[in-house]
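Got the viewer open? Load the model, pick a colour scheme you like, and follow along stop by stop.

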Amino acid sequence: MYEPIRTKSVHTMAGASDFPHRSREEELDIQLAGHLAALLAVTDELRALAPSDDLDTAAARLADQVARLRGGQAPVRSVVSPVSEPHLAALHERAHTLAGRALVVAASRADTAAAILAAERMDAHAEALGPREVAAG
């Protein structure tokens, strides 16, 4: 007949309890904080190029949300020096995309405050780009 298996299967996870596991909620928090932090970085770049009260308010709100999702740890902020004007449209496109990603994750974890903020930022960047540039992107 068959001989019994004497060694562990290669499919058995070695030391499965040796590393910490995160819940789905914790993973979504980490992902959402990352998207919002990236959006904050682009917002800071935009603020350096074209300062506005709207961008200042958005940056403060984004920083608050990132800190909330990271358990009170404030996001790292950098001072950005102004760059060329054509770079402005690319930054708005990037910010629009990042806000969309953040909106998807916020909706997935039912985080209303983050979802509203992400949707507002998408609208603001779409408006800054104009109708034809958002549709093409």
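Before we click on anything, one term: a contact (or a touch) means heavy atoms within 4.5 Å. This is a predicted model, where local features need pLDDT of at least 70 and side-chain atom pairs count only at pLDDT 80 or more, while totals for chains, interfaces and linings use all residues. Residues are numbered from 1 along each chain as its sequence is written, and side-chain values use heavy atoms, with hydrogens and water left out.

**Whole chain**

Start with a cartoon view. You should see 5 helices and 0 strands, in the order α-α-α-α-α along the sequence. Helices here are DSSP runs of H or I with at least four residues, strands are E runs of at least two, and the numbering starts from the N terminus. Now switch on the surface: about 8900 Å² is exposed, and carbon and sulfur atoms supply 56% of it. That area comes from the Shrake-Rupley method with a 1.4 Å probe. Of the 137 residues, 34% count as buried; buried means under 20% relative accessible area, exposed over 50%, and partly exposed in between, with a 1.4 Å probe and protein chains only. If you like contact maps, residues 24 or more positions apart make up 73% of the contacts with a separation of 6 or more.

**The core**

Next, select Leu-32, Leu-36, Leu-39, Val-42, Leu-46 and Leu-62, which touch the most other members of the 29-residue largest nonpolar core. Such a core is a set of buried Ala, Val, Leu, Ile, Met, Phe, Trp, Tyr and Cys residues joined through side-chain atoms within 4.5 Å. Helices α1, α2, α3 (86-108) and α4 each supply at least two of its residues, and the largest share, 10 residues, comes from α1. In general, nonpolar side chains tend to be buried together in soluble globular proteins.

**Along α1**

Zoom in on Leu-32. Beyond its neighbours within four places in sequence, Leu-32 is in contact with Leu-69, Ala-102, Val-105, Ala-106, Arg-109, Asp-111 and Ala-114.

Move along to His-35, also in α1. Is His-35 buried or exposed? His-35 counts as buried, because its relative accessibility is 17%. Leaving out residues up to four places away in sequence, His-35 touches Leu-98, Arg-101, Ala-102 and Val-105.

Then pick Leu-46, another residue of α1, which counts as buried because its relative accessibility is 0%. With residues up to four places away in sequence set aside, Leu-46 touches Pro-51, Leu-55, Leu-88, Leu-91, His-92, Ala-95 and His-125. Try a distance label too: the C-alpha atoms of Leu-46 and His-87 are separated by 9.3 Å, with their positions 41 residues apart along the chain.

**Where α1 meets α4**

Show α1 and α4 alone. Their axes come within 12 Å and cross at roughly 35°; the axes are lines fitted to C-alpha atoms over the stretch in contact, with angles from 0 to 180 degrees between N-to-C directions. The contact is made by Leu-32, Leu-36, Leu-39 and Leu-46 of α1 with Ala-114, Arg-121 and His-125 of α4.

**Helix α2**

Select residues 53-69. Among the buried residues of α2 are Leu-55, Leu-62, Val-66 and Leu-69, and what covers the buried ones includes α1 (24-49) and α4 (112-129). Just after α2, Gly-71 takes a positive phi of about 70°.

**Last stop: Ala-110**

Finally, go to the loop between α3 and α4, where Ala-110 sits. Its phi is near 55°, a positive value in a residue other than glycine. Most residues other than glycine have a negative phi. Ala-110 is exposed, because its relative accessible area is 65%.
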